[in-house]
Amino acid sequence: MVSGYVLSSGRESSPLFGIQSGVERNIPLEVMLETFTINGAYAHGLESETGSLEKDKWADFIVLDRNLFQIPVSEIHKANILRTYYKGRLVYEFGSDKLPNEKSP
């Protein structure tokens, strides 16, 4: 539930579909992003460790191929994740067939 709304896009399990679904229901993009970041961390009791980029937090974040604030709402789900960082370490990079820091055989 977000600001009194129950979200269930029914289309896909990607958070980007959920974000788009909320924005299509007139929930501001900023609120939807908070729902999937700091509010998600809070729901799991992890808000002091993750959910936002702050000093002494884990630095979990993704890099998208486009700015969600500068594209039509209908295209939010089309954004591609270029990189994923977990605890400040690069753990996924688009187009790479191995994890960063993984040694070749």
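This passage walks through the confidence, the sheet, the helix pair and a few individual residues of the structure above.

The model is predicted, and its mean pLDDT is 88. Of the residues in the protein, 82% come in at 70 or more. Among the elements, helix 2 (residues 29-36) has the highest mean pLDDT, at 97, while strand 3 (residues 89-93) has the lowest, at 95.

Starting with the sheet, three strands line up in the order 1-2-3 to make an open sheet with antiparallel pairing. The edges are taken by strand 1 (61-64) and strand 3; each has just a single partner strand, so one side of each goes without a neighbour in the sheet. From one strand to the next, the twist averages 20°. As for what holds such an arrangement together, strands of a sheet pair through backbone hydrogen bonds, in either a parallel or an antiparallel way.

Going through the pairings one at a time, strand 1 is joined to strand 2 (residues 81-86) by four bridges, with the two running antiparallel. Strand 2 and strand 3 also pair in the antiparallel sense, over four bridges. T84 is a handy residue for tracing a path across the sheet. On the strand 1 side, T84 of strand 2 stands opposite I62; on the strand 3 side, the bridge partner of T84 is Y92.

Strand 2 and strand 3 form a hairpin with two residues between the strands. K87 lies in this loop, and its phi is near 50°, a positive value in a residue other than glycine. With a relative accessibility of 39% to its name, T37 counts as partly exposed, and K87 gets the label partly exposed too, at 44%.

Next comes the helix pair. The axes of helix 1 (residues 15-24) and helix 2 come within 9 Å and cross at roughly 145°, and the crossing is right-handed. On the helix 1 side, the contact is made by P15, G18, I19, G22 and V23. Helix 2 brings L29, M32, L33 and F36 to the contact. Sorted by class, this contact has seven nonpolar residues, two polar ones and no charged residues.

The loop between helix 1 and helix 2 holds N26. Like K87 in the hairpin, N26 is a residue other than glycine with a positive phi; for N26 the value is near 70°. N26 counts as exposed because its relative accessibility is 69%, where the cut-off for exposed is over 50%.

Two threonines toward the end of this region are worth a look together. T35 lies in helix 2, and T37 sits in the loop between helix 2 and helix 3 (38-43). At 19% relative accessibility T35 counts as buried, since that label applies under 20%. Each can be set against G51. T37 and G51 are 14 residues apart along the chain, yet their C-alpha atoms are separated by 4.6 Å. For T35 and G51, the separation is 16 residues in sequence and 9.6 Å in space, C-alpha to C-alpha.

Terms used: Residues numbered from 1 in each chain as written. Predicted model: local features only at pLDDT ≥ 70, side-chain atom pairs only at ≥ 80, totals over all residues. Heavy atoms only, no water. pLDDT = per-residue confidence, 0-100. Pairing = 2+ DSSP bridges. Axes fitted to C-alpha atoms, helices over the stretch in contact; angles between N-to-C directions. Left-handed = near helix turned anticlockwise from the far one by under 90°. Contact = heavy atoms within 4.5 Å. Nonpolar A, V, L, I, M, F, W, Y, C, P; charged D, E, K, R; others polar. Buried < 20%, exposed > 50% of the residue type's maximum accessible area, 1.4 Å probe, protein only.
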